[in-house]
Each structure stands twice: as C-alpha cells, then as structure tokens.
Amino acid sequence: MKNIIFIAPPAAGKGTQSKLVSDTYNIPHISTGDLLREEIAKGTPLGLTIKDDMKKGNLVSDEVITTLLRNRITKPDCQNGYILDGYPRNIKQAKIYRDLLQELNYDDGVVIFFDIDKDLALKRTISRIVCPNCGASYNLLVEELKPLEGNICTRCHHELKTRTDDTEEVFIHRFDTYMNSTKELIDYYQNLGLLHKISVEEKSANEIFEEVKKVLND
Ligand code: AMP
C-alpha cells in the first residue's frame, strides 16, 4: 500500500508531482482543503462550522479533520494507497494520523519533502501566469508548464496575466510561514525514519518524478 504524504513549500511543484503519482500508481490525491470545501458545499451542520473557521483562516479542529480523513481513506479507491496533501499540518495532527494508521492496520507510509531553495521558489512564483478566463495556470520558467504560444492560453486562447497575489513580498511571507510551521513536522518524520528529501533545484518535473518513483518503488 502506498500511502504518501507530500510536504512542499509553495512553488515546489507539488501539484504536478501529485498528478503524476496519482495517474501512474492509480491512487487518489486527497487534499484536506478540498475535503473541507466539499463538506461546506453539502451544506451540512458540520459544513457550517467549517465554513466559519476557514473564512477566518483558522485551522479546522483536529476532531473534524480526523473524521473526514478517516471516512476518505477507508473508501475502496484508497485500497492501494493515496497521496495526502495539506495534512498533517503540525505534529499534533501527525501523531493523531499515526494512531489512525495503526488502528486501521495501514502501513506507516512514506513522507516526501520537496526541498526548494527560496530564491528559486520566488523566481518560479513571479514567473507564474494564469488565464483570467478559464483559470489555467502556466509558468514561464518551467518547460512543461509554458503556454504553447507566447502570452496566450493554450486551452481557451485568452490573454494570460500575472496573479495579483504573486508579488515578491507576499511570496516571501508565505514561504517563511510555511517553513516555520513545517520544520517540526519534518524533524518528526526524519526521526521516525519515514522522511525522504527530494531536492527540486533546476530539475524538470520528469526528473523529479523519477526520484519520487525510486522512493515509492523501494
Ligand atoms: P488548503 O486548501 O490546503 O489551502 O486549506 C484551506 C483551509 O482549509 C485552511 O486554511 C484551513 O482552514 C483548512 N485546512 C486544510 N487542511 C487542514 C488541516 N490539515 N487541518 C486543519 N485545517 C485545515
């Protein structure tokens, strides 16, 4: 069973690697943010309390997250594994998750940390362009993510624009906040012998994926 946790700072290419792993190993990509948004969309009483926390930018309670996660990872499509994205966010969640895995008789899993240099992450972020019409996202610095034609959306041919939240200042704040909050988590998994560090450097998505596969096939 391949149960995988991806830990990645902004702009490390987690979205691309999640898709490659999910397609290749035929396992679902589970984002806790998406699970929460689905619950809100259903309009359940639980959804209403989640909505309030998310609007304020607070973390949703461990109890709620664990219930949603347990329901999700015990579905039949998770039988061969899954990729977790956005969870665990801190050590407390990591410990709860470890207990949950033991209770379900699941493997300890694999944790992959995509290590990216802050300057490279910044360069990638400010090179990101999106389509205001269909929402497609491109990156002028990443070969696989360039639009086919200049500044034009490959999907709908609309003119592409820079994202307003992709400024240097905002990015540096997001990056530092992420690294501060995940440092403990990285140490925790390192001490358990479950952490695999993959350096992103100037590698292509395929080169990184080769390294991910090596970790997963071990
Ligand atoms: P995301 O889509 O990962 O950016 O998450 C969006 C929001 O969902 C966060 O700001 C939190 O309010 C909530 N959330 C997502 N994952 C978690 C988690 N593991 N624990 C608590 N709250 C979470």
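Helices, taken as DSSP runs of H or I with at least four residues, and strands, taken as runs of E with at least two, are numbered from the N terminus. In these terms, α5 (91-104) and α7 each supply at least two residues of the lining of the largest cavity. The model is a predicted one, and its empty spaces are described here from the enclosed cavity outward to the open pockets and the ligand.

The structure holds one cavity of 30 Å³ or more. About 40 Å³ of space lies within the largest cavity. Its lining consists of Ile 5, Ala 94, Tyr 97, Arg 98, Leu 101, Asp 108, Tyr 188, Tyr 189 and Leu 194. Helix α5 gives the most to this lining, with four residues. By class, seven residues of the cavity lining are nonpolar and two are charged, while no polar residue is present.

Of the open spaces, the largest pocket contains about 1,000 Å³. A total of 39 residues line this pocket, and Ala 8, Pro 9, Pro 10, Ala 11 and Lys 14 lie nearest its centre. Several elements of secondary structure take part in the lining of the largest pocket. At least two residues each are supplied by the strands β1 (2-7), β5 (128-130) and β6 (137-139), and likewise by the helices α1 (14-25), α6 (118-126), α7 (168-192) and α8 (205-217). The largest share, six residues, comes from α7. Helix α7 also supplies at least two residues of the lining of the largest cavity. In chemical character, the lining of the largest pocket divides into 17 nonpolar, 13 polar and nine charged residues.

The second largest pocket holds about 340 Å³ of space, and the space taken by the ligand is this second largest pocket. Its lining is made up of 16 residues, of which Gly 33, Leu 36, Met 54, Leu 59 and Arg 89 lie nearest the centre. Helix α2 gives the most to the lining, with four residues. The lining of the second largest pocket comprises six nonpolar, seven polar and three charged residues.

The surroundings of the ligand itself were then examined. There are 13 residues around the ligand, and those that come nearest are Thr 32, Arg 37, Asn 58, Gly 86 and Gln 93. Helix α2 (residues 32-42) provides the largest share of this shell, namely four residues. The shell is divided into six nonpolar, five polar and two charged residues.

Individual polar contacts involve both backbone and side-chain atoms of the protein. A polar backbone atom of Val 60 is 3.0 Å from a nitrogen atom of the ligand. A nitrogen atom of the ligand also lies 2.8 Å from a polar side-chain atom of Gln 93. For Arg 89, one of the residues nearest the centre of the second largest pocket, a polar side-chain atom is placed 3.3 Å from an oxygen atom of the ligand. The ligand exposes 480 Å² when taken alone, and 79% of that area is buried by the protein.

Two features of backbone geometry were also identified, both in loops that adjoin α5. A cis peptide bond joins Tyr 87 and Pro 88, with omega of about -10 degrees. Pro 88 is found in the loop between β3 (81-85) and α5. Asn 105, which is not a glycine, has a positive phi near 65 degrees. Asn 105 lies in the loop between α5 and β4 (110-115).

Note on methods
Residues numbered from 1 in each chain as written. Predicted model: local features only at pLDDT ≥ 70, side-chain atom pairs only at ≥ 80, totals over all residues. Heavy atoms only, no water. Near = heavy atom within 4 Å. Polar contact = N/O pair within 3.5 Å; in protein donor to acceptor, adjacent residues only side chain to side chain. Areas by Shrake-Rupley, 256 points an atom, 1.4 Å probe, with all protein chains shown as cover. 1 Å grid on protein atoms, 1.4 Å probe; cavity = no way out; pocket = protein on both sides within 12 Å on 5 of 7 lines; lining within 4 Å. Sits in = over half its atoms within 2 Å of the grid points. Nonpolar A, V, L, I, M, F, W, Y, C, P; charged D, E, K, R; others polar. Points joined across faces, edges and corners; volume = space filled by probe spheres on them.
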